[in-house]
Structure formats: C-alpha cells, structure tokens
Amino acid sequence: MASVLYRLGRFSFRRRGRVLAVWLLLLALLGGLAAAFAGPTSDAFTMPGTESQQALDSLRRQFPQAGGTTGTIVVAAPEGGRLDPAALAPIVREAAAVPGVLAALDPFQVRSVSPDGRYALVQVQFSAPVDEVTDAQRAAYERVGASARGLRVAPGGEVMKAQVEVGSTEALGVLVAAAVLVITFGSLVAAGMTLLNALIGVGAGMAGLFALSGVLELTSTAPILALMLGLAVGIDYSLFITSRYRQYLAEGMEAEEAAGRATGTAGSAVVFAGATVVIALAGLAVVGIPFLSVMGLAAAATVAVAVLVALTLLPAILGFAGPRVLPRKQRTGRASHDESEGFGFRWGRIVTHLRVPVLLVAVLGLGALALPARDMRLALPDAGTAAAGSSAREAYDLISEGFGPGFNGRLIAVVTGKDAQATGAAAKQAAGVIQTTPGVLAVTAPQANAQGTTALLTVIPKTGPTDVATENVVHAIREKVSGIQGADIALSGVTAIGIDVSAKLADAMPTYLLLVVGLSILLLLLVFRSLLVPLKAALGFLLTIGATFGITVAIFQQGHLAGLLGVDTPGPLVSFLPILLIGILFGLAMDYEVFLVSRMREDFVHGDTAQQATVNGLGHNARVVTAAALIMTAVFGGFVFMNDPIIKSMGFALAVGVLVDAFVVRMTLVPAVMSLLGRAAWWLPGPIDRVLPNLDIEGESLNGERSPGRREDSPDTVGV
C-alpha cells in the first residue's frame with residue numbers, strides 16, 4: 001500500500017500541471033453536467049413495509065383527489081371577537097386561486113370553526129404531492145390573507161415543508177476552518193492550498209451528485225449531509241498529508257521525495273480512515289428506508305472523492321507551492337525543528353504517567369454526560385419545532401390555541417375491503433371503536449371513494465403529535481381495529497409514521513451495527529495487525545456516542561441551554577438521528593484512531609518501545625488532530641444556525657461528538673490504554689498473523705524506494 005501511494009504521490013508532484021488540469025477539467029465537466037441534467041430534489045418520505053406507508057399508498061391509489069399535499073390556513077379574530085362568513089369569504093377565494101390548488105373549503109360550510117367563533121381553519125387541497133409543489137406556488141400560498149384587515153391569517157400545513165437550502169451561515173464554518181489552518185501551519189500558502197484542495201474535491205463530489213439527480217431521486221437533505229462531510233473530511237485529509245510533507249521538508253528531504261513519502265505514509269492512513277467512513281455511511285442502505293439510503297450513499301461518494309483528491313491533487317498542489325508551505329522562519333533556517341517539547345509530547349508523557357487516574361476520570365465523566373440519554377424520545381418533527389415567527393409555526397400555535405393540540409396531529413385510518421358493503425360495515429365499526437379509545441377527541445364520518453371499496457376516517461387526538469399520550473393512542477387504536485373482520489385497516493399520520501420509523505430503525509440497528517462495526521474492526525485488524533487496538537477503538541466509540549446522545553438530549557429534548565442554540569421549543573429528537581449519528585461518528589472516530597495509532601505503530605515497527613511509540617504518536621499528531629477536530633467542529637457547527645430542526649440537531653450532535661471523541665477519547669483515553677497495555681497492544685496470534693496480508697501503512701517498504709538523486713523534472717512515470 002505505502003509503495004503504491006508513494007509512487008502515486010511522486011508522479012502527481014512531478015506531473016503537477018497535468019494532474020491539476022485533469023481535476024479542473026473534471027470539475028468543469030461535472031459542473032456542466034449538473035447544470036444541464038440536474039433534477040429537483042425530493043422531500044418524499046417512504047417506508048416500505050410499514051402500516052403507515054400502506055395507508056398512504058392506499059390513499060394515492062383509491063383517493064387520487066386526496067393524493068396531493070394539503071394546507072391549513074388558520075384565521076383568528078382579535079381577542080373577544082368572532083369571525084363571520086363575509087370576512088372569511090375573500091380569504092377562501094384567494095386560497096382557491098393559488099396555482100395548483102384543487103379546492104379550498106369554507107370553514108362555515110364544513111364546520112371547522114372553534115366553539116367560541118374566534119378561530120377557523122381553511123382546508124386547502126393541492127393536486128401535487130409536497131415534493132412537487134413549486135417555490136412559486138408555495139410563495140403564493142404563503143401570501144394568502146396578507147391584505148386581510150383586523151384578522152390574523154397564518155398559512156400552514158404540510159405544504160409549508162420547504163426544502164432545506166444552504167445559506168451564508170454554513171460559510172462561517174469554512175472561515176473558522178481557514179483560520180485554524182493558518183494558525184496550525186503558520187503559512188497562508190499552506191492553509192490556502194489545503195482549503196483549495198478540499199473545496200475542489202467537495203465541488204466535484206457535489207456536482208456529480210446533482211448531475212445524477214436527473215436520473216436518480218435525490219432527497220433535499222442528502223446534499224446537505226454530503227456537503228457537511230465532504231468539507232470536513234476533505235480539509236482533514238489534506239491537513240494530515242500536508243503536515244507530514246512539511247515534517248519531511250523540515251528534516252531536509254527533497255520536495256518530491258517528501259511528497260511521495262507523505263502520500264505513502266499519511267496517505268495510507270487517509271485511505272483506511274476514509275474507508276471506515278464510507279463503510280459506515282454506505283451501511284445505512286441496510287436499514288431499508290430509501291431516503292436514509294440515498295443520504296448515506298451520497299455522503300459516502302463525496303468522502304470517496306475527498307480521499308482521491310487528497311492522494312492525487314494535493315501532491316500536485318504541493319509541487320506548485322514549493323517551500324512556501326513552511327513558515328518563513330523555517331524557510332530561512334532560523335527556526336528549530338525539534339518537537340520534543342511540543343504540547344503533544346508533554347501531554348503524551350502526562351497521560352501515560354497518570355494513565356489509571358486519567359482512565360477513571362475520563363470514563364466516569366463521559367458516563368455522567370451520557371445519563372440524559374436514558375430519557376431519549378424519538379419522533380418526527382412537526383411545525384411545533386419550526387422557527388419562532390415563521391408562518392408554519394404561527395399556524396401551529398394558533399391551531400393549538402383555538403382547537404387544541406390534537407388538531408395538529410390528526411391521524412388517518414384507511415379502511416380497504418373487497419366490496420362497498422364490506423368496506424362500509426368495517427368503516428362504521430372502526431369509527432365506533434376508535435371513538436371510544438381513551439385519548440381520542442373526535443372521529444369524522446367515513447368518506448368513501450367512488451367505488452366504495454376504500455373509506456377514510458380522520459381521527460383527532462386530544463394531545464399533540466409528539467406527545468407520549470398520542471403515541472399511546474396510536475398503539476391502542478391499532479390494537480382495537482386489528483380485530484375487525486372484512487377489511488384491512490391501516491393507521492397513518494405524523495405520530496404513526498414516527499412510531500413506524502422508530503420501530504423499523506430499531507429492527508435494523510443490530511444488523512447495521514454488526515455490518516459496520518464488524519467490517520471496520522476487520523479493516524483496523526488489517527491496518528494495525530493487532531486484536532486489542534480495534535476492540536479498544538470500538539469501545540472508545542461507545543463512550544463517545546453515549547456522551548453525545550446525552551448532551552443532545554439535555555439541550556434539544558430537555559431544554560437545558562436550548563436558547564443559546566435557537567431552540568425555542570424543545571421536543572423529541574428526530575427518529576433517524578441515532579442511526580445516522582452512529583454511522584457518521586463511527587466513521588469519523590475511526591479517522592482519528594487511524595491518524596493517531598498509525599503513527600504509534602509506525603514508530604513501534606521502526607524500533608521504539610511501546611511506551612515511547614505511544615508518546616511519539618501523540619506528540620507528532622496532537623497538533624494535527626487538534627486542528628482537524630476544530631475544523632470538523634466548525635464545519636458541523638455552521639449548520640447549527642440553520643432553522644431546520646433536523647439539520648440543526650444533526651450539526652450540533654456531530655460537532656459535539658467530534659469534540660468528545662477527538663479530545664477525550666482519542667487524545668486522552670487511547671494513549672492511556674495503549675500505555676497500560678504496553679507491547680501487548682500489538683499482539684496478534686501467529687495463525688492470524690500468517691493469514692493477514694501486510695498492508696504496510698507505516699511505510700517500512702519505503703526504505704528501498706528512496707532515490708535522492710532523482711531530479712524533479714525526471715520523465716519517470718508512476719508504476720501503479
């Protein structure tokens with residue numbers, strides 16, 4: 001591995017003009033394809049095999065007129081006042097005139113006026129599903145009632161679910177990353193080329209995704225996750241290789257040789273670190289939820305591009321930068337290259353000397369942070385968590401105020417029978433059974449399709465969509481209607497969908513963990529040729545994920561310090577956050593594990609004692625891992641400023657997870673455990689040792705590769 005990458009690095013350095021031209025041409029080509037063939041992203045949410053999805057599919061087939069998305073416009077009179085039909089009529093006509101609207105129902109005709117006459121609901125039916133509603137249609141809908149005098153008009157409902165867009169707040173993460181790079185390298189050139197390399201990689205990856213969106217359905221959150229991870233790992237991988245290149249230059253090595261060796265050693269670690277991230281993300285496909293599969297595969301592809309860019313484009317850019325990647329003092333020979341008293345070495349000696357107290361304090365501290373995770377609740381987000389002041393949030397609050405929270409979480413029971421008679425009888429029986437269920441406020445009369453084979457019941461619970469009581473209502477209804485003969489009855493709605501998502505994810509979690517953790521441990525076994533190091537890495541991750549969940553629950557669900565993050569309404573975490581967080585953080589945690597421990601193994605293989613190799617590994621890489629963690633935290637943290645509650649919680653959890661894993665687990669617990677294990681950390685049974693291939697990520701084979709006299713403009717080509 002190291003020899004192949006060494007030759008690839010030298011080739012890219014030597015033929016830097018051609019390599020850069022190829023990447024720029026590829027970037028332009030992908031950008032052109034994206035501009036020409038990009039299709040709209042989708043917010044379609046399907047869960048094959050679940051009861052709620054069965055109900056939605058039946059609606060689309062049997063009730064095509066109800067297959068489109070819906071909106072609810074809430075109209076409220078001033079306090080103490082009452083609404084009258086004359087005041088509402090213009091609003092109803094304006095809603096009906098919105099492009100794409102099939103019908104808008106007068107509240108006084110369908111009796112959707114509150115008992116005190118102050119609040120009314122204008123139900124709006126669109127012809128297209130939510131992911132096909134255009135921005136122009138949504139904007140026209142949101143303007144309904146803007147000219148009404150003396151009334152509060154708030155357009156809300158499912159149609160207000162706009163697609164997530166990347167804005168200026170995410171650029172803050174890139175600016176912080178640039179500042180960290182400048183401080184880390186002490187060179188604007190080194191910082192700029194590292195950032196440029198990562199941006200080219202993420203640009204190529206994102207352009208490729210959008211080019212494919214014309215033939216593949218791309219969810220609106222998939223590009224966000226791909227951008228988030230592509231930027232973070234792209235900067236980190238370039239940072240890691242550039243740091244090793246600077247180290248070799250500072251030792252007096254010729255530039256081309258330094259580029260080859262940096263790519264061969266640090267590049268090997270990048271390959272395997274990237275592989276663990278790709279495995280963790282691609283593994284989301286086993287869950288069986290299409291939008292999660294798309295998110296995982298899209299992000300995995302972007303990470304793979306980041307690895308390829310770091311191994312080929314980066315050595316080429318290093319060739320253009322020359323010695324300017326070093327700080328001015330080092331270029332003029334006025335700076336000492338002795339790192340023996342650097343913070344990393346001092347910290348390594350402290351941790352290895354106090355390894356037992358360090359282990360106890362760190363484990364107990366992370367355990368305490370994980371305690372709130374015991375109360376974690378999962379659900380799908382609703383408009384109650386939307387940004388305060390938004391139309392969707394105002395509509396949600398007005399509905400709760402005028403009609404009760406249950407009107408925001410209406411459930412849908414779909415009754416399907418062989419004929420009209422059987423369907424009608426089952427629907428009537430279901431309505432009676434549901435009405436007597438504790439926690440149900442009201443059930444509408446059955447509405448049958450033209451053939452009479454499918455009937456629709458709307459169920460109003462007494463509590464809101466994310467309330468535990470509403471979840472109990474869903475379970476109780478499903479249990480009661482399961483005994484009704486003559487028809488199939490499926491229950492859907494926000495709460496029911498959330499329950500089904502959580503159940504499906506819980507069922508898939510063991511398989512996912514077995515696949516991802518198993519493959520990653522096997523990969524680390526190949527990399528480090530050790531049984532204990534991969535197991536230690538996996539156990540350390542359990543501490544990371546526990547503390548991350550605990551902190552996220554404390555803020556987003558329990559509301560502690562929530563105002564600082566713009567979370568004005570705490571509530572359950574989004575159902576798929578745990579599995580997504582586990583997949584992403586596991587991959588990133590293994591990144592830092594590979595970066596740190598690969599240097600420990602490198603020094604151990606080259607003759608250092610196990611203790612000294614541990615100190616050296618931390619000493620040489622502490623600065624790089626610190627910078628990498630701060631950069632990742634900045635990139636992820638930039639997404640905390642978005643209004644979308646899913647992206648906000650995801651960005652926060654990833655930022656916290658990276659901080660905990662990098663600084664507490666990898667830079668504190670890992671060296672303490674490695675010091676405690678000593679030489680035993682590198683033990684591998686003989687039979688396994690003989691079977692495993694020698695990947696040589698520590699670069700031992702490079703001792704025979706060096707050619708000090710080779711000129712930079714040599715015509716040799718890469719031998720791969």
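A cavity, as the word is used here, is a set of grid points where a 1.4 Å probe fits but cannot get out. Keep that in mind as we walk through this predicted model, starting with the whole and ending at its enclosed space.

Let's begin with the overall build. The protein has 23 helices and 11 strands. Its radius of gyration is 29 Å, close to the 27 Å that the globule rule gives for 720 residues, so the protein is as compact as a globular protein of that length. Along the principal axes, the C-alpha atoms fill a box of roughly 90 × 50 × 50 Å.

Next, consider how the chain packs. Of the 720 residues, 56% count as buried. Among contacts with a separation of 6 or more, 80% are made by residues 24 or more positions apart. On the outside, the accessible surface comes to about 28600 Å², and carbon and sulfur atoms account for 62% of that area.

Now for the empty space inside. Rolling a probe the size of a water molecule over the atoms shows where such space is left. In this structure there is 1 cavity of 30 Å³ or more, and the volume of the largest cavity is about 30 Å³.

Which helices should you look at to find it? At least two lining residues come from each of α8 (188-212), α9 (221-250) and α11 (290-321). The largest share, 4 residues, belongs to α8. To see the lining of the largest cavity in full, select Asn197, Ala198, Gly201, Val202, Gly230, Gly234, Ser238, Ala306 and Val309. By character, these lining residues divide into 4 nonpolar and 5 polar, with no charged residue.

Conventions. Residues numbered from 1 in each chain as written. Predicted model: local features only at pLDDT ≥ 70, side-chain atom pairs only at ≥ 80, totals over all residues. Heavy atoms only, no water. 1 Å grid on protein atoms, 1.4 Å probe; cavity = no way out; pocket = protein on both sides within 12 Å on 5 of 7 lines; lining within 4 Å. Points joined across faces, edges and corners; volume = space filled by probe spheres on them. Nonpolar A, V, L, I, M, F, W, Y, C, P; charged D, E, K, R; others polar. Rg over C-alpha atoms; globule rule 2.2 N^0.38 Å. Buried < 20%, exposed > 50% of the residue type's maximum accessible area, 1.4 Å probe, protein only. Contact = heavy atoms within 4.5 Å. Areas by Shrake-Rupley, 256 points an atom, 1.4 Å probe, with all protein chains shown as cover.
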